[in-house]
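Work through the exercises below with the structure open beside the text. Each one sets a task and then solves it in steps.

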Amino acid sequence: MTMTDDPATHMGSHRLRREDPALLTGEAQFIDDMSLHGEIWVGIVRSTEAHATILGVDGSAALEIDGVTEVLSGADLAPLWGEGALPCAWPVTDDMRNPAHLPVATSIAKYVGDAVAVVLADSRYAAADGAAAVSVDYDPLPAVVDIEAAVAEGAPLVHEDLGTNESYTWPLIPDPDAVDEAFANAAVVVGERYVQQRLIPAPMEPRGVIAAPGVANGELTLYSATQIPHILKVMTAVTLGIPEHKIRVVAPSVGGGFGCKLNVYAEEILCCALAMDRGVPVRWTESRSEAATATIQGRGQVQHIELAADANGKVQAVRVKLLADMGAYLQLVTPGVPLLGGFLYHGCYDIAHYSFECTSVFTNKTPTDAYRGAGRPEATYAIERAMDSLAVAVGVTPEEIRSRNFIAADAFPYESCAGLIFDSGDYQAVLDKAVEMADLQSVRAEQARRRADGSNRQIGVGFSSYVEMCGLAPSRVLASLNYGAGGWEAATVRVLPTAKVQVITGSTPHGQGHETSWSMIVADKLGIDPDDIEVLHSDTAISPTGLDTYGSRSLSVGGTAVFMATDKVLDKARLIAAHQLEANEDDLEYVDGAFQVKGTPTAAVPFAAIAFAAFTAHDLPDGMEPNLEAHVTYDPPNFTFPNGTHIAVVEVDTDTGNVDIVDYVAVDDCGNQVNPMIVEGQVHGGVLQGAAQALYEDAVYNEDGQIVTVNLGDYLVPSAAEAPIYRVASHVTPSPTNPMGVKGIGEAGTIAATPAVINAVVDALRPTGVTDVTMPASPQTVWRAINEAQGGAS
Amino acid sequence: MIPASFDYEVAESAEHAVSLLAEHGDEAKLLAGGHSLIPMMRFRLATPTVLVDVGRLDDLRYINSDNGTVSIGALTRHSELEHSALLAESAPLLASVAALVGDPSVRHRGTLGGTLAHADPASDLPAAVLALGGTIVARGPGGDREIAATDFFAGYFESALADDEMIVEVRVAASAGGWNYQKFNRRAQDWAIVGVAVAEEGAGVSLVNMGSTPVRASAVEAAVAAGASAADAAAVAAEGLQPPSDLNADADYRRHLARVFTERALKAAGVA
């Protein structure tokens, strides 16, 4: 298989995305574009208190509004779901505390944004007016906001009945004595504390739900802006007791997710329950302000990391203690997010001994859950920031400290101290390429000049070398982590009578371009035009089997299933061709879309002829079933391990604290690339999202648990104007884990960028005495850090 | 994000708009570009019961220059200011500031009259008109009156306009002296955290988002007039001001920024 810009093949080419014309012209149908006859709208009354007893819900004023038909409290709704609480699929420990989480609270509101009552109306406007007019009588309770305060003695409790704010403690310490010994004998020890602020995912399309009942047969169709129609189908069946075969879930065009649509939400269960009860379609569309509290948030951790190194800076052991903010409840995979990083706190370094322990804590805030990278950006941030501190302590450059510790290129497959088998890589080659692209010598010369001049525009260089575990996930590994499902993916390749092809994938694209990429994979294998291949997905009636899209898994797991199903189609096609040619199948080769007797192009059967023969079944080998179609469910034998080195160059205005990213170099190894244009797009968007955590975004709560960043004026999602000029390159070491040698690129940029940018800011500020900057490094924060380091007034 | 219900009227002329305002009183709001009003309505920070749409009054879209006075129709879009050759020649500060307002879609809808009437202390163009010593022409039931920009901004989102008046024209003296505008913000489309407009080599200096209105930095102007250096004049930029505190900047940091950017703006405008 070739993976180059060879025009004869599609894989490896910058093919334009077939998804884009419909998206760019507004033809694509999102949830809010849909309309069903007889639909009613739901408006949700959300708690304005972080923690309060609900004394009463008064809907009388709402009911006077034209179009409002009902006001329902949590108690009114409780019979619709009985004991059925929202699901958490990842009970990471046997003793994990998981409080019952009802779609609408009945007695106590636990965070600002917690649903406390529901308005039904005949329009979205009336539903909004009605929700605003409902009066809820609260008796405030003390709110738990800060996670370190939450675990302090005598802290108020989020869930009184649990007797503690701790959900679980999860250790990964293969050899505790060896870790202690390494620290006891270390020449250099670095200890750091980092805060991962909470982030609001903010995809372009907020969430939306329409639940449509089929009254006659007890059916339910759930349309949702979700990443996970398949998982949602199972969970809806289990939660509401609806037979699974009666449920169909459809994700129409979905405008991004970044993990926040990898969930089973209150509004989905609420609309389904009401639709089944009332026998009419029930719908809800999230507003942007609502999304700030009603949709999960990302990150929210306090990290303590220590490195034990010898005098040369070679690290012997890493020890991490993590406090992770769960928010008020455990959503679908909330407790598992810190674990996804828990294996990677040694980064891409050959470190012998490992100690990781996570304590997860309830707070009176919106639940956290997976957000682009999910655990891995946090881990990468900690190790990459700490490695820079170690470099300073040892007196070497950031690139030198990394080189001294990298897992060697000849060490793969490499068994990590955390127990993973890393597939492939050449971390030093990747770093060397990034250093060359960044023209580090010139940048450092300019930096030295400005330092000497005492310039108010200081330059900083920040490195981030990362490795992530992707291709989630081998089902047996998920079992060992107590995850409630497998990690396989399914695909069907169906050849139609006219030699057009349908690919049915269990992956669920919501911006990734699977239709384009999957058609390129199949086109090359079958020797046909990608435009003759349709890729179907995201509707459980069309694609009944799948585990959806998250964790950079789609290509390496879902794409591999497509690849393997195409092989199976070719295997059958070969038998048909051999029959028609009256040749031995082993004597055939597939060249340019036709089977021919090896070296004899004159005796060939084109793919189209085989497709038609399979359809007519007039002359198939004895015992062969008609039609040409294959289904594969692929369970990956291992994770994949994309990696890379990013270098950010920033300029800090020391008068104002403003940070500009003046250069950004990304060298990534995501294995072989199907469509390098899509890879670059993922890196561009990912880097900006990671830089956003470093410089812009912060879900700010005050001490009462009130969130103050509820719109995109206050919550600073950067725009294209703030994006750096990216310089992107790749270094390919194919993954041996799957036949295409692919690894995944969906999260890499986000994982790498945050520490690269902050390391650069700290490097720029070194002459001022600043050694750490909290995120986001806003101008005010940086300016204060400079003042404080210089002993001046803050 | 869903506005309260309202009635909608289309004005056929400025006089018609004024008569609709007189009819509906303080329940009515003029709708021009809508890029400030509509978001406020969606957040329900504004709940007018009647919108009077003046967006089609194309006779109020013009930029003229006569005898050293530049006259600009109230419905002139920011993008028209930004790209006006006449303005680049005779009031380049206005053109330059207009280019920094919001994003392209805001600049293609937003109007000069609208942004002045909105009287947002964080907006760019009001401060520029203030620094230029401009005059605002308001039309009411009794005809037109002229209001000096220094008298126009009455408070937080409050202007000297009566409920039944609308801005029809803005006048500034043609200005060729050194000018500059410094806008400090986090994202290109955001309001200024602090902005500084300098006209006529420091004869006119105004500050954005440093109080409840766009403010004239009189102490800086006086210092420049007395021959102070840019650094010395900038040192008094925040004197007597009570800037707001928000997520981007508390009051102390804003005062600091005002000094930093006043010095930069003065220097760029030619003050040594």
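Lys and Arg count as positive and Asp and Glu as negative, while His and the chain ends are not counted; the place of a charge is NZ of Lys, CZ of Arg, CG of Asp or CD of Glu. The model is predicted: local features need pLDDT of at least 70, side-chain atom pairs count only at pLDDT 80 or more, and totals for chains, interfaces and linings use all residues. Residues are numbered from 1 along each chain as its sequence is written, chains are lettered from A and ligands numbered from 1 in the order in which they are written, and side-chain values use heavy atoms, with hydrogens and water left out.

**Exercise 1. Describe chain B as a whole, from its elements to its charges.**

Step 1. Count the elements: chain B holds 12 helices and 14 strands. Helices (H or I, at least four residues) and strands (E, at least two) are DSSP runs, numbered from the N terminus.

Step 2. Compare the radius of gyration with the globule rule. It is taken over C-alpha atoms, and the rule is 2.2 Å times the number of residues to the power 0.38. Chain B has a radius of 18 Å, close to the 19 Å given for 272 residues, so chain B is as compact as a globular protein of that length. Its C-alpha trace spans about 55 × 45 × 30 Å along the principal axes.

Step 3. Look at burial and surface. Of the 272 residues in chain B, 56% are buried (under 20% relative accessible area; exposed is over 50%, partly exposed in between; 1.4 Å probe, protein chains only). The accessible surface of chain B is about 10800 Å², and carbon and sulfur atoms supply 48% of that (Shrake-Rupley method, 1.4 Å probe; for residues, only the protein chains shown count as cover).

Step 4. Turn to contacts (heavy atoms within 4.5 Å). Among those in chain B with a separation of 6 or more, 60% join residues 24 or more positions apart.

Step 5. Locate the charges. Chain B has 20 positive and 35 negative charges, and their mean positions lie 8 Å apart.

**Exercise 2. Give the strand order of the open sheet of 3 strands in chain A.**

Step 1. Two strands pair if DSSP finds at least two bridges between them. The order in chain A is β4-β2-β6, with antiparallel pairing.

Step 2. Find the edges: β4 (108-109) and β6 (135-140) of chain A each pair on one side only.

Step 3. Check one pair. Strand β2 (52-58) of chain A joins β6(A) over 6 antiparallel bridges, with A:Ala52 opposite A:Pro140.

**Exercise 3. State which faces the side chains of β21 (533-536) in chain A point to.**

Step 1. In a regular strand the side chains alternate between the two faces of the sheet.

Step 2. A:Ile533 and A:Val535 point to one face and are buried, whereas A:Glu534 and A:Leu536 point to the other and are not.

Step 3. Strand β20 (501-505) of chain A pairs with β21(A) in the parallel sense over 4 bridges; A:Val501 has A:Ile533 as its bridge partner.

**Exercise 4. Compare the surroundings of A:Glu582 and B:Ala119.**

Step 1. Most residues other than glycine have a negative phi. Phi is near 50 degrees at A:Glu582 and near 55 degrees at B:Ala119.

Step 2. A:Glu582 sits in the loop between α17 (554-581) and β22 (588-591) of chain A, and B:Ala119 in the loop between α7 (112-118) and α8 (124-131) of chain B.

Step 3. A:Glu582 is exposed at 76% relative accessible area, while B:Ala119 is buried at 0%.
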